[in-house]
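Here are my comments on the structure, set out as numbered points. Please read them beside the coordinates.

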Amino acid sequence: MILNSKAAVFGLVLALGLAAAPFASAHHSFAMFDRTKDSVIEGTVREFEWTSPHTWIHLDVIEGGKTVEFSIEGGSPSALERQGWDRNSFKAGERVKVTVNRLRDGRRGGAFKRAVFADGRTLGQ
Amino acid sequence: MRRRSEVAWSLAAVGAACAALLAMAGAAWAAQKDAARPADAASVDLKRLDAFYADASAPNIAGFWRPAPGVARQVYTFLDGTPLPLRDDTGQDGWPYRPEWRAAYEARRAADRAGAPFGDPTASCWPPGLYKAYIAALTPLEITQTPGRVQMNHERAFPVRRIFTDGTSHPEGEALEYTLNGHSVGHWDGDTLVVDSVGLRRETTLSTAPGLPHSEKLHVVERLTRVDPVTLLIEVILDDPKAMTQPVRTTLLYKLWLDDRMSEEICEENNRNQPNADLVVETQIGTHKRYGYDLPQ
């Protein structure tokens, strides 16, 4: 059988690897987020929820002189821990800039893309 | 007199028919009861017991497997190897759906694009089911083999999927229960485990959002081969004669990880996609038709 040959397997890996990567989620549709536009949200970590099915970073953000909460949905702990995250990846009081795809309906929330901390440390997913 | 004997005869006939029916029902009930009884040392069918343990020498595909690096999107072909046409940017609607099933998919896609997706049960923490468990989030797959069974445990999917390798056949008719993992039977064809599955509930999908639909007639054939000690190749054929005009084939590639392990993940822990959620994500369930109920009968 052709699939049993190593060359075929290599070809297959190549073919699959070249295919475009979607934003795969086991859990829900990402239609609620504007995935065509990145926005950078700068704020202070209020709370980090290391929970399933999604992690949540809640930031205090200054908007028009007032402090408002901005909530950012991340991947699941099981996926993120394989990329070096843990329950202390975001600590309350830390300053951080987070790149997100914002909610399309204008509410203060978005899907996590990457974070840059004050000391230059970065986190992706 | 004659009339009376006719009546008596009729009564006797009715009585006999009832007795026969009762006997048949009784026999069926007894058979069912037998099937549910523990094996008895004196009367156990030793041939069947042998079959149950026969796969102790079967090729070993057990291990902690993760999708091969770089594998991000499935490539689908028809059985002759021709790739499915990619008709839209999601690459999903090139599937060979019958018109009314395509319309159901288009409705899902339109709702998704409008930012108000229909209620995919996975959003309220249902398991993804047999096929979506492979592809949804490219999660690890732990395979264990025990006599008469091969178990598949996808991280974030439950319950554990059991493939019967003891010669069991699919239940037929009313006896076939429809479940998210379906009913799977397997046999070894050389080094390859060939798995045949039916009895799949129509609430599950064959892709991530917006979710390619399938009917309850979906028939899945998987061929699992350990092509080298650290590589598992899984060929999957999705055949749904009710929803599609022809079968679709794809291949999954997994690598062995010796130092990784399953995480416990409880989707209900903090799911904000439930009805009446008051946080930042929208409500996906409740105002829209739930998946499965939006499909042709």
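1. I begin with helix H3 of chain B, which covers residues 99-113, in what is a predicted model. The expected span at 1.5 Å a residue is 21 Å for its 15 residues, and the C-alpha atoms at its two ends are also 21 Å apart, so the expectation and the model agree.

2. Which residues of H3(B) are buried? They are B:Trp101, B:Tyr105, B:Arg108, B:Arg109, B:Ala111 and B:Asp112, and because these cover an arc of only 165° around the axis, they lie on the same side of H3(B). In an α-helix there are 3.6 residues a turn, so residues three or four places apart point the same way. The other side of H3(B) carries exposed residues, namely B:Pro99, B:Glu100, B:Ala103 and B:Arg113. Just after the helix, B:Gly115 adopts a positive phi of about 85°.

3. As for the wider setting of this helix, chain B contains four helices and ten strands, and their order from the N terminus is α-α-β-β-α-α-β-β-β-β-β-β-β-β. Of its 297 residues, 34% count as buried, and when contacts in chain B between residues at least 6 apart in sequence are considered, 58% of them join residues at least 24 apart.

4. The confidence of chain B deserves a careful reading, since its average pLDDT is 81 and 76% of its residues score at least 70. Residues 25-31 of chain B stay under 50 in pLDDT, and the model gives this stretch zero contacts beyond four places in sequence. Residues 275-288 of chain B are also below 50, but this stretch has 32 contacts in the model beyond near neighbours in sequence. Where pLDDT is low, the predicted coordinates should not be read in detail. For the model, the scores are ipTM 0.71 and pTM 0.77.

5. In chain A, I would look at strand S1 (residues 39-49), which runs antiparallel to strand S4 (residues 95-102) of chain A and is joined to it by six bridges; in this pairing A:Glu42 stands opposite A:Lys97 of S4(A). S1(A) also pairs in the antiparallel sense with strand S2 (residues 56-63) of chain A, here over five bridges, and A:Glu49 stands opposite A:Trp56 in S2(A). How many residues lie between S1(A) and S2(A) in the hairpin that they form? There are six residues between the two strands.

Note on methods. Residues are numbered from 1 along each chain as its sequence is written. Chains are lettered from A and ligands numbered from 1 in the order in which they are written. This is a predicted model: local features need pLDDT of at least 70, side-chain atom pairs count only at pLDDT 80 or more; totals for chains, interfaces and linings use all residues. pLDDT is the predictor's confidence in each residue, from 0 to 100. Two residues are in contact if their C-beta atoms, placed from the backbone, lie within 7 Å. Two strands pair if DSSP finds at least two bridges between them. The expected span of a helix is 1.5 Å times one less than its number of residues. A residue is buried if 20 or more other C-beta atoms lie within 10 Å of its own, exposed if 12 or fewer, and partly exposed in between; C-beta atoms are placed from the backbone. The arc is that of the directions from the helix axis to the C-beta atoms.
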